[in-house]
Every structure is written in structure tokens, then in C-alpha cells.
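Q: Pick one part of this model and take me through it close up. Keep it casual, but show me the reasoning where there is some.

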Amino acid sequence: KTNLVEQKSMLAKLMAAENITVEHKKIPTAAFDVKNRVLYLPILKWKPGSNVYDLFCAHEVGHALWTDNDEWMAIIKKNNDDDLPKSFVNITEDVRIERKIKAKYPGGLKSFLRGYAKLYRDDFFGTANRDYDTMNLADKINLHSKIGSITGITFNEEESAIYDMCKDAVTFT
């Protein structure tokens, strides 16, 4: 018999179609080390079986499947030279891999919707008293792509074009 954490770890490996390492640590959010193939999941109030935990797993499996380490390192190095923050690159990659993981595993869509709604209600993103119109575009794209229309975020014409490019991206580069 395996416990729920072991079952979820095994499921993540199956979804990733490789024997990735899954580690549970005291960290603020999930992460995936594309070079060393390690999926890190937080030991927090979100327990295995919760929508938040499941969305963290699915999101990071998306990186396991579609974020190539060599491409990631090349674009990070290039963009660091251009002073583009790594977080902006990660946000655009998040939009792409989440679209792909939802298409590959449509049964996980409810976990994404319910999990992100819970995170938003719990102010996980730190946006409770922020004016969305004063946010930078990367943060607006990140929130809108993850949470959707419940935020009330709107884009002007130029921002919409950039959001659409992120949303429609097929490859990392």
C-alpha cells in the first residue's frame, strides 16, 4: 500500500513519461529543475488530493514535458545580457506549458480552475489590494492566464497582442 503522497508522486512521473524525481520540501510554491529533472512540491496547507496540489503537480509536469534545459539556459543567458528578468521569461513559458498540459490531460482542468481560484482567494499572488491597471504587463499576463476573468484584468490593444502571442506560442523560443 502506498500513501497519497507516494501515489501523487507516481502519477507525476507517469504524466511526465519519465522517471523524474519528486521531492516534497518546505518551499513557498512548486518548481521544476529542468536540468536535474526534479519536481519540487511544497509541504504546505495544500495537501495531496487538493486542487491546489494537483495543479502544482500538473503545472510542473508541463515543464518536465516541454521546457528544454538547453533552450532555457540559452534564453536566460541572452536575456540576462539584455536585462530582461528571468521571471518574465518564466511567465511566458508558464502560459505555453499550461495550455499544453491542459490539452494533453483535460481531466486536470478542474484542478487548475479550482486550484487557481483558491490561491487567488487566499491572496497567494499578493494582489488583494493592488490596482491591476498599475501592474506591469508580465504580472497581468501571469494572473489573467492562470486565473482568468475573475480578476477583472483588462488589456489595451497593444497588451492584448502581446498576451495573444504568449497564449499562442507553440515552442519555447
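**Charged pairs and their surroundings**

A: Let's start with Asp122, which counts as partly exposed because its relative accessibility is 30%, and partly exposed covers values between 20% and 50%. Keep in mind that this is a predicted model. Asp122 has a salt-bridge partner in Lys118, with their closest N and O atoms 2.8 Å apart. Lys118 is partly exposed too, since its relative accessibility is 31%. Side chains of opposite charge can pair when their charged atoms come close.

Right after that pair comes Asp123, in the loop between helix 5 (109-121) and helix 6 (137-147). Asp123 has a positive phi of about 60 degrees, although it is not a glycine. With a relative accessible area of 31%, Asp123 is partly exposed.

The structure holds seven salt bridges, so let's look at another, within helix 4. Glu93 pairs with Arg96 there, again with the closest N and O atoms 2.8 Å apart. The two sit three residues apart in helix 4, which means about one helical turn separates them. An α-helix has 3.6 residues a turn, so residues three or four places apart point the same way. Unlike the partly exposed Lys118, Glu93 and Arg96 are both buried. They have buried company in helix 4, including Val89, Ile91, Val95, Ile97 and Ile101.

The length of helix 4 checks out as well. Helix 4 runs over residues 86-104, 19 residues in all, so at 1.5 Å a residue the expected span is 27 Å. The end C-alpha atoms are 26 Å apart, which agrees.

Now for a pair that reaches across the chain. Lys8 forms a salt bridge with Asp54, and here too the closest N and O atoms are 2.8 Å apart. This one links distant parts of the chain: Lys8 belongs to helix 1 and Asp54 to helix 2 (residues 51-66), 46 residues apart. Both Lys8 and Asp54 are buried.

Stay with helix 1 for a moment. Helix 1 spans residues 4-16 and includes Leu11. Leu11 is partly exposed, because its relative accessible area is 40%. Together with Met10 and Leu14, Leu11 forms a nonpolar patch on the surface, with about 310 Å² of accessible area for the three. Beyond helix 1, Ala17 is found in the loop that leads to strand 1 (21-25). Ala17 has a positive phi of about 60 degrees, despite not being a glycine, and counts as exposed because its relative accessibility is 66%.

Note on methods
Residues numbered from 1 in each chain as written. Predicted model: local features only at pLDDT ≥ 70, side-chain atom pairs only at ≥ 80, totals over all residues. Heavy atoms only, no water. Helix = DSSP H or I, 4+ residues; strand = E, 2+ residues; numbered from the N terminus. Expected span 1.5 Å × (residues − 1). Buried < 20%, exposed > 50% of the residue type's maximum accessible area, 1.4 Å probe, protein only. Patch = residues over 30% accessible without salt bridge, like charges linked within 9 Å, V, L, I, M, F, W, Y side chains within 5 Å. Areas by Shrake-Rupley, 256 points an atom, 1.4 Å probe, with all protein chains shown as cover. Salt bridge = Lys/Arg side-chain N within 4 Å of Asp/Glu carboxyl O.
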